[in-house]
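Me: Could you walk me through a structure? I'm new to this, so please explain the terms as we go.

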Amino acid sequence: MLKNKFMIRYTATPQELNTAVEHLHAAPEISIDLEFDKNYYRYGFNLCLMQVMADSTCYLVDPLSDDIEIDRTFQPLENPKIPKTCFAFGEDIRLLHTLGCYPKNVLDLSLAANLLNYQPMSLTQLLIEVLGVRTGKAAQMSNWYKRPLTGHQKQYAAEDVMFLPELREQLMDQAEKKGVTSWILEENQVWETEDFAGTGEVDYLKDKDRKGMSEMAWHLYTRLIEFREKIAQKKNMPSYKVIDKSFLRAVATKPGYVEVWHQERGVHPSLRNKNAGYEAQLLVEDSLEEARELGLSDMKPAEKKLSKEKLASIKRYQNIIRHLKQEVFNPVKQQIGREYGENTAAFILNNRVIEAYVSEKPEEILPYRRELIEHTAMSLGMHVEGSVDEAKRSNN
């Protein structure tokens, strides 16, 4: 049974924010979630709503209000004496760090669920499984920029934090019985030891896009993408709505195609005019001249073929990984699975951990994971680092 009845308070004025912040400062614990837009309705990675709950009052703090300063909420979030509970906080922490807020004493219950052998699932599903609570219909794909928010949006946003204290209590009780509490706390410590500012930004230029392009075409494509981003930022529009990447790719490979700019459906209607088309044409001409000055070829591929030595090195690395998985890590994972559950084992001993061992970067593996993996290996008559060294020698 859930213990509390909840109150939802939309917070968009200085007086409302004062009340919320005072309550947060005095709260024994805080639950937090964010609603944000990542280049879907507007340009960039932007906060649209902050849900913070103290006791049984959920404050929906509106950062889009002209009357409040969202950074006033940062101090209680950064107070290490106040526990914060959240779920799947990765994108949220990236955004908060980018805004200059570095929360302390954070407990992400999705990490706890992983270590308690729950299958990967949404908060909605976990609430059903652990608390028997069914929340309202999802609204995560809503336009969170739109004001006023609907009653459905407010309810959905509040439900993302309402049940976290009860869920925390249940999961941490399970963790205590299973003996994995310290593991959960160690996983969550990462939120405080790393800076995630800027890491959530979208990368619009990907190496895979080089395929099929010459050196000159890739240079032109890069300049066209930069041109699009400047326009998107100025108009505060998602990049994909400003100019479609497929059109820019077509122009990069056949520069004369820029002449159909004014009638191209992949170009936003506000840019289908002579001035924008002329600016794009000048950009193409200047970029091509720049490419020639740099000695770039319109015949040589932008996607460079790997040397025989590099290909051989990659093959050796893959062989080492394959051998170690078969001989060491899979048996270790299976044993951990027998003791703690298959989902927990897959979470603890994933590909990134294996690659850290092979790359001889054990410091990138959390201490509890390293201790568990190596202790389990020894119980099976194996030594992880020795096995890695032997696999490397046999593949040289």
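Reply: What follows covers a helix pair, a cavity and one residue. This is a predicted model, in which local features need pLDDT of at least 70, side-chain atom pairs count only at pLDDT 80 or more, and totals for chains, interfaces and linings use all residues. Residues are numbered from 1 along each chain as its sequence is written, and side-chain values use heavy atoms, with hydrogens and water left out.

Me: At what angle do α9 and α11 pack?
Reply: Helix α9 (residues 215-235) and helix α11 (residues 245-253) pack at about 145°, and their axes are 8 Å apart. Helices here are DSSP runs of H or I with at least four residues, numbered from the N terminus, while axes are lines fitted to C-alpha atoms over the stretch in contact, with angles from 0 to 180 degrees between N-to-C directions.

Me: And which residues of α9 and α11 meet?
Reply: From α9, the residues include L220, Y221 and R228, and from α11 they include K245, L248 and R249, where contact means heavy atoms within 4.5 Å.

Me: Switching topic, where is R210 found?
Reply: R210 is in the loop between α8 (181-193) and α9, and R210 touches W218, A302 and E303, leaving aside residues up to four places away in sequence.

Me: Is R210 buried or exposed?
Reply: R210 is partly exposed because its relative accessible area is 25%, and buried would mean under 20%, exposed over 50%, with partly exposed in between (1.4 Å probe, protein chains only).

Me: How far is R210 from Q233?
Reply: Their C-alpha atoms are separated by 24 Å, with R210 and Q233 lying 23 residues apart along the chain.

How values were computed
Helices (H or I, at least four residues) and strands (E, at least two) are DSSP runs, numbered from the N terminus.
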